[in-house]
Amino acid sequence: MNNKQFIDEALRVGSRHFDEKSKEMVQASIDRMVANGQGHETIAATSAELQAFTALQKAQVMIELERNIRQYLKDEGML
């Protein structure tokens, strides 16, 4: 596996893990709102806001992850 393939695979794994955790967080928030008797409109709006927020977070996390991977490869003399 060359460095580009290694970076791409690490980013795919990181992305998949982030997506799974984000789904769990959004679902937990929806479950709490349902338990608290929130209306469907409130739940839908909050869910959309959470999804937008997690998309922004994901972009930031993925940039940082790629930076860290590249730094690791440089430190190990592989890049």
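Modeller: Before we begin, contact means heavy atoms within 4.5 Å, and the model we are discussing is a predicted one. With that cut-off in hand, and leaving aside neighbours within four places in sequence, Ile-7 is in contact with Glu-66, Ile-69, Arg-70 and Leu-73.

Biologist: Where does Ile-7 lie, and why is this residue called buried?

Modeller: Ile-7 is found in helix H1. Its relative accessible area is 4%, and buried means under 20%, so the value falls below the cut-off and Ile-7 is called buried. As for its position relative to the other helix, Ile-7 and Leu-65 are 58 residues apart in sequence, while their C-alpha atoms are 9.4 Å apart in space.

Biologist: How many helices and strands does the chain have, and how do you know what its radius of gyration says against a compact globule?

Modeller: The secondary structure comes to 2 helices and 0 strands. A compact globule of 79 residues would have a radius of gyration near 12 Å, whereas the chain has 17 Å, so the value lies above what the globule rule gives for this number of residues. The C-alpha trace spans about 55 × 15 × 15 Å along its principal axes. Of the 79 residues, 20% count as buried.

Biologist: What share of the contacts between residues at least 6 apart in sequence joins residues at least 24 apart?

Modeller: That share is 74%.

Biologist: What makes the pair of Asp-19 and Lys-58 a salt bridge, and which parts of the chain does the pair link?

Modeller: The N to O distance between these side chains is 2.8 Å, and a salt bridge asks for a side-chain nitrogen of Lys or Arg within 4 Å of a carboxyl oxygen of Asp or Glu, so the pair of Asp-19 and Lys-58 meets the criterion. The pair links distant parts of the chain, since Asp-19 is in helix H1 (residues 3–35) and Lys-58 is in helix H2 (residues 40–75), 39 residues apart. Side chains of opposite charge can pair when their charged atoms come close.

Biologist: Why is Asp-19 called partly exposed?

Modeller: Asp-19 has a relative accessible area of 31%, and the partly exposed class lies between the buried limit of 20% and the exposed limit of 50%, so Asp-19 belongs to that class.

Biologist: How do you know that Glu-24 and Lys-21 form a salt bridge, and why are they said to be separated by about one helical turn?

Modeller: Their closest N and O atoms are 3.6 Å apart, which is within the 4 Å limit, so the pair of Glu-24 and Lys-21 qualifies. The two are 3 residues apart in helix H1, and therefore about one helical turn separates them. Glu-24, at 47% relative accessibility, counts as partly exposed, and Lys-21, at 46%, is also partly exposed.

Biologist: What makes Glu-64 and Arg-67 a salt bridge, and where do they lie?

Modeller: The side chains of Glu-64 and Arg-67 meet at 2.7 Å, N to O, and the limit is 4 Å, so this pair is a salt bridge too. Both lie in helix H2, 3 residues apart, about one turn of the helix. Glu-64 is partly exposed, with a relative accessible area of 36%. The three pairs we have discussed are among the 6 salt bridges that a search of the whole structure finds.

Biologist: Why is Thr-54 called buried, and which residues does it contact beyond its neighbours within four places in sequence?

Modeller: Thr-54, which is found in helix H2, has 8% relative accessibility, and the cut-off is 20%, so Thr-54 counts as buried. Beyond those neighbours, Thr-54 is in contact with Phe-18, Ser-22 and Met-25.

Biologist: Is Ser-47 buried or exposed, and how far apart are Ser-47 and Ile-30 in space?

Modeller: Ser-47, in helix H2, counts as buried at 11% relative accessibility. The C-alpha atoms of Ser-47 and Ile-30 are 7.0 Å apart, with their positions 17 residues apart in sequence. Leaving aside neighbours within four places, Ser-47 is in contact with Val-26 and Ile-30.

Biologist: Why is Gln-38 called partly exposed?

Modeller: Gln-38, found in the loop between H1 and H2, has a relative accessible area of 37%, and this lies between 20% and 50%, so the partly exposed class applies. Not counting residues up to four places away, Gln-38 touches Met-33 and Ile-43.

Conventions. Residues are numbered from 1 along each chain as its sequence is written. This is a predicted model: local features need pLDDT of at least 70, side-chain atom pairs count only at pLDDT 80 or more; totals for chains, interfaces and linings use all residues. Side-chain values use heavy atoms; hydrogens and water are left out. Helices (H or I, at least four residues) and strands (E, at least two) are DSSP runs, numbered from the N terminus. The radius of gyration is taken over C-alpha atoms; the globule rule is 2.2 Å times the number of residues to the power 0.38. Buried means under 20% relative accessible area, exposed over 50%, partly exposed in between (1.4 Å probe, protein chains only).
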